[in-house]
Amino acid sequence: MLNEKSYQIGNMVITCISELLLKQTTPAELFPNWNSELLSDSLSWLPPGTMDETHQHVILSVHSWLIRTPRHVILIDTGVGSNKNRPFTPAFHQLSLPYLDKLQALGVKPENVDYVLMTHLHVDHVGWNTCLKEGNWVPTFPNARYVFSKTEYEYYNNPINHIPRNKTSVIAQQDSIIPLIQAGLADMIAVDGSEWIDGLSFMPTAGHSIDHATISLSSCGQEALFIGDLLHHPLQVRYPNLNSIYDTFSEQAIASRLWVLEYASRRKPTIFCSHFPNSSVGTVTHDDQKFHWSYI
Ligand SMILES: [Zn+2]
């Protein structure tokens, strides 16, 4: 179901474009270092809707973010997409999803999108970059600049990294990234925290992937922080040492998670997650040596 709630941050209006809700993953499958004591410690504060009723499974969302500023239409991450061949990831394989209809319902046609920004190049963040036309993968947003890390691109396109754990990401390059480059629409950048355009920066938060970026957008003194896959679930706000199975570089992933939680609790941006269920939007506070997540 479309989560149509929009958030006003300065002059920007930010809306979730939902794609999938995944309910089949146990905490132990998502977090290799999980233990059941963490669950009993969590039941008193874990927000409703973040696990199923029996607390056997975590609930994860897949979605992207639409940002409308007075001057630009921006998408951050583009979900898993339709018609993509994902033989190793059945939940993402050959789907037919009404993502573009949802954008259209909000008055956004593909040609209206100015920028597509990516936190990283994993399969569930690049899908709608392209769509299938007459057997070819073509950019879905023909007037957009697609912006992503040069280091991420080079990593997934270097045969030395074509190892089993990267197999789906490698396939995704072929149908969701390479066509952007061939069409001349890709801007490969250094993720260094500098201001890329007015009020927009890509902050280095590597670990989940080789050059994962946290995207900060500021307007009128207010900040929206798009944290990609630094956190998959509210459980990791309380337990930042819990890496997900998808975190490629463990120690860096923990360091980046702690960095963003500290940044969020100190500077109080509005946090926009990639996989939290419910609104996927909230704030982080810190007390008693613990971080706390509050949904907005
Ligand atoms: Zn993801």
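What share of the chain's contacts between residues at least 6 apart in sequence join residues at least 24 apart? I looked that up first and got 66%. A contact here means two C-beta atoms, placed from the backbone, within 7 Å.

Note to self on the source: this is a predicted model, where local features need pLDDT of at least 70, side-chain atom pairs count only at pLDDT 80 or more, and totals for chains, interfaces and linings use all residues. Residues are numbered from 1 along each chain as its sequence is written.

**Whole chain**

I pulled the secondary structure next and found eight helices and 16 strands. These are DSSP runs (H or I, at least four residues, for helices; E, at least two, for strands), numbered from the N terminus. The radius of gyration is 18 Å, close to the 19 Å from the globule rule for 296 residues, so the chain is as compact as a globular protein of that length. That radius is taken over C-alpha atoms, and the rule is 2.2 Å times the number of residues to the power 0.38. Along its principal axes the C-alpha trace spans about 55 × 45 × 35 Å.

I also checked burial: 45% of the 296 residues count as buried. The cut-offs are 20 or more other C-beta atoms within 10 Å of a residue's own for buried, 12 or fewer for exposed, and partly exposed in between, with C-beta atoms placed from the backbone.

**Helix H8**

I checked the length of H8 (residues 250-267): its 18 residues should span 26 Å at 1.5 Å a residue, and the end C-alpha atoms are 26 Å apart, which agrees. The expected span is 1.5 Å times one less than the number of residues.

Which residues of H8 are buried? I listed Ala-253, Ser-256, Arg-257, Val-260, Leu-261, Tyr-263 and Ala-264. They cover an arc of only 165 degrees around the axis, so they sit on the same side of H8. The arc is that of the directions from the helix axis to the C-beta atoms. On the other side, Glu-251 and Arg-266 are exposed. The cover over the buried residues includes strands E12 (213-219) and E13 (222-226) and helix H7 (235-238). Lys-268 follows H8 and has a positive phi, near 55 degrees.

**Two more positive phi values**

I then looked at the loop between strand E4 (73-76) and helix H3 (99-105), where Asp-77 lies. Asp-77 is not a glycine, yet its phi is near 60 degrees. Asn-83 is in the loop between E4 and H3 too, with a positive phi of about 65 degrees.

Buried or partly exposed: which is Asn-83? I got partly exposed, with 15 C-beta neighbours inside 10 Å. Asp-77 is buried, with 28 other C-beta atoms within 10 Å.
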